[in-house]
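Good morning, and thank you for the time. I would like to walk you through one chain, beginning with its overall make-up and ending with its backbone geometry.

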Amino acid sequence: MTDASMAPSRLGRFVETTAAGERVRSFVPPPLPPIPSIDVLGLLDRLSRADRALGRLDGITVLLPSQELFLYMYVRKEAVLSSQIEGTQSTLSDLLQFELGAQEGQPIDDVREVSNYVDAMMYGLERLKDLPLSLRLIREMHARLLQSGRGGTMDPGEFRRSQNWIGGTRPGNALYVPPPVTELDGCLAAFENFMHEEQSRLPPLIKAGLLHVQFESIHPFLDGNGRIGRLLVTLYLCVHGVLGKPLLYLSLYLKTHRADYYRLIQEVRERGAWEAWLEFFLEGVEKTANQAFDAATRIAERFKQDRELINNKSERTSSALRVHDLLQTHPYLTSNQLVARTGLTAPTVNAALADLERLGIVEEVTGRKRGRVFAYRGYLAILNEGTTPLQGSRA
């Protein structure tokens, strides 16, 4: 393997600039692909394992009663996790109840940020039908991400026009200072060119890993860079046919290994250590794909077991099955919503809910007499794995 520390052409350059009244050295990353080129042979084992795990995940649709249902929930889980890395304290339950209209207790800006992430993600996936993966699409998604809440003052949909920095209390003690505004256009043009070039013949998974770090190093927005940068990985893999459906999201892996994540990105900047980053990235793809496959398998089994339980033990089989079907789509629902969506009468819905509570399938979560909210416990338990918020302030 090439010793990255002996490869100065992999290293960027520093430019003196002013940020918040201080003179600082900002980093301008070299364009991709890295020179000397990536040692793909040394990564082949990791690459093939990641590819196999993705292929297995992509075939998950045969197991699921509804792949759209799994995607709907998985996208929301990713939104929660990606936002938690940036410091929000919202949980998946907070988001689902917020969408239901039953949100209580959690700071509303936190939940709105997560909801905006869902919107940005779904918008980007839909927009890919008409628009290539490009700087334009990235800006449009960013506008959705910061459309309300705390991000509204951070130039949604616009590349930054002032210097930013990462870590530290001020530019002078920052962990990292991205390129100055005068270098931004050149960095972004080279980034977009690499998204579309084919001469390097690098596998899409390797390119996705390179693009993620490069985007983080350019840090082109005042806020939301991390969330957009993580989302780019999935969009790139979908565009290049590695994934048929956007079922791979790395945020749980990156949240769990946050210290390694930040260290390895910094080592790319300081030493050109791309291979070490790519080993970590490919391991993350493999583990994440396997976790998603496992979760989808267990969700499908949970639905099947609960249907059998209703068929065998329920006193109101028909109405309980109709309520169960809806709870698979929305694991938090009020009795009024169930009445509206099933077409059943209120007494029938309430009796079915009581039956499902007795069987341990649903749980009333408000403790109120009116406006009660029912949760699909077993399904939510699988979805909620790994979504406890990180402790600490906003990044």
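Let me begin with a definition: a contact here means heavy atoms within 4.5 Å. The model before you is predicted. Among its contacts with a separation of 6 or more, 69% are between residues 24 or more positions apart. The chain contains 15 helices and five strands. It has 395 residues, of which 53% count as buried.

I turn now to the annotated positions. The UniProt entry, which is unreviewed, assigns the feature "active site" to H219. Where does H219 sit? It is found in the loop that runs between helix 7, residues 204–218, and helix 8, residues 225–239. Is H219 buried or exposed? The cut-off for buried is under 20% relative accessible area. H219 is at 13%, and therefore counts as buried. Setting aside residues up to four places away in sequence, H219 touches R160, N164, I166, P178 and N225. Its backbone also deserves a remark: H219 has a positive phi of about 45°, although it is not a glycine.

The same unreviewed UniProt entry places the feature "binding site" at a longer list of positions, including E86, H219, N225, G226, R230, Y261 and Y262. I shall take two of these in turn.

G226 is found in helix 8. With 6% relative accessibility, G226 counts as buried. Leaving aside neighbours within four places in sequence, G226 is in contact with E86 and E216. Of these partners, E86 is itself among the positions in the "binding site" annotation.

Y261 is found in helix 10. Its relative accessible area is 2%, so Y261 is buried as well. Leaving aside neighbours within four places in sequence, which residues is Y261 in contact with? They are H212, E216, R230, L254, W277 and F280. E216 thus appears in the contacts of G226 and in those of Y261.

That brings me to the packing of helix 7 against helix 10. Two packed helices are described by the angle between their axes and the distance between the axes. Helix 7 and helix 10, the latter spanning residues 258–271, pack at an angle of about 80°, and their axes are 11 Å apart. Angles of 65 to 115 degrees count as roughly perpendicular, and this pair is therefore described as roughly perpendicular. On the helix 7 side, the residues that meet helix 10 are H212, V213, E216 and S217. Helix 10 contributes Y261, I265, V268 and R269. By type, the residues of this contact divide into four nonpolar, two polar and two charged.

Next, helix 14, residues 346–358. How many residues does helix 14 have, and how far does it reach? It has 13 residues and reaches 18 Å from its first C-alpha to its last, close to the 18 Å expected at 1.5 Å a residue. Its buried residues are V349, A351, A352, L353, D355 and L356. An α-helix has 3.6 residues a turn, so residues three or four places apart point the same way. The buried residues of helix 14 pack against helix 11 (274–313), helix 12 (317–329) and helix 13 (335–342), and also against strand 4 (362–364) and strand 5 (373–376). After helix 14 comes G360, with a positive phi near 80°.

Finally, some further points of backbone geometry. Most residues other than glycine have a negative phi, and most peptide bonds are trans. Against that background, which peptide bonds are cis? One joins L32 and P33, with omega about 0°. Another joins I35 and P36, with omega about -5°. P33 lies in the loop between strand 2, residues 22–28, and helix 1, residues 44–58. P36 is also placed in the loop between strand 2 and helix 1.

R201 likewise has a positive phi, of about 55°, although it is not a glycine. R201 lies in the loop between helix 6, residues 181–196, and helix 7. Is R201 buried or exposed? Exposed is defined as over 50% relative accessible area; R201 has 76%, and so it is exposed.

Thank you; I am glad to take questions.

Methods:
Residues are numbered from 1 along each chain as its sequence is written. This is a predicted model: local features need pLDDT of at least 70, side-chain atom pairs count only at pLDDT 80 or more; totals for chains, interfaces and linings use all residues. Side-chain values use heavy atoms; hydrogens and water are left out. UniProt positions are given in the numbering used here, feature names are shortened, and annotations may be inferred rather than shown by experiment. Helices (H or I, at least four residues) and strands (E, at least two) are DSSP runs, numbered from the N terminus. Buried means under 20% relative accessible area, exposed over 50%, partly exposed in between (1.4 Å probe, protein chains only). Axes are lines fitted to C-alpha atoms, for helices over the stretch in contact, and angles run from 0 to 180 degrees between N-to-C directions. Angles under 35 degrees count as roughly parallel, over 145 as roughly antiparallel, 65 to 115 as roughly perpendicular and the rest as oblique. Ala, Val, Leu, Ile, Met, Phe, Trp, Tyr, Cys and Pro count as nonpolar, Asp, Glu, Lys and Arg as charged, and the others, Gly among them, as polar. The expected span of a helix is 1.5 Å times one less than its number of residues.
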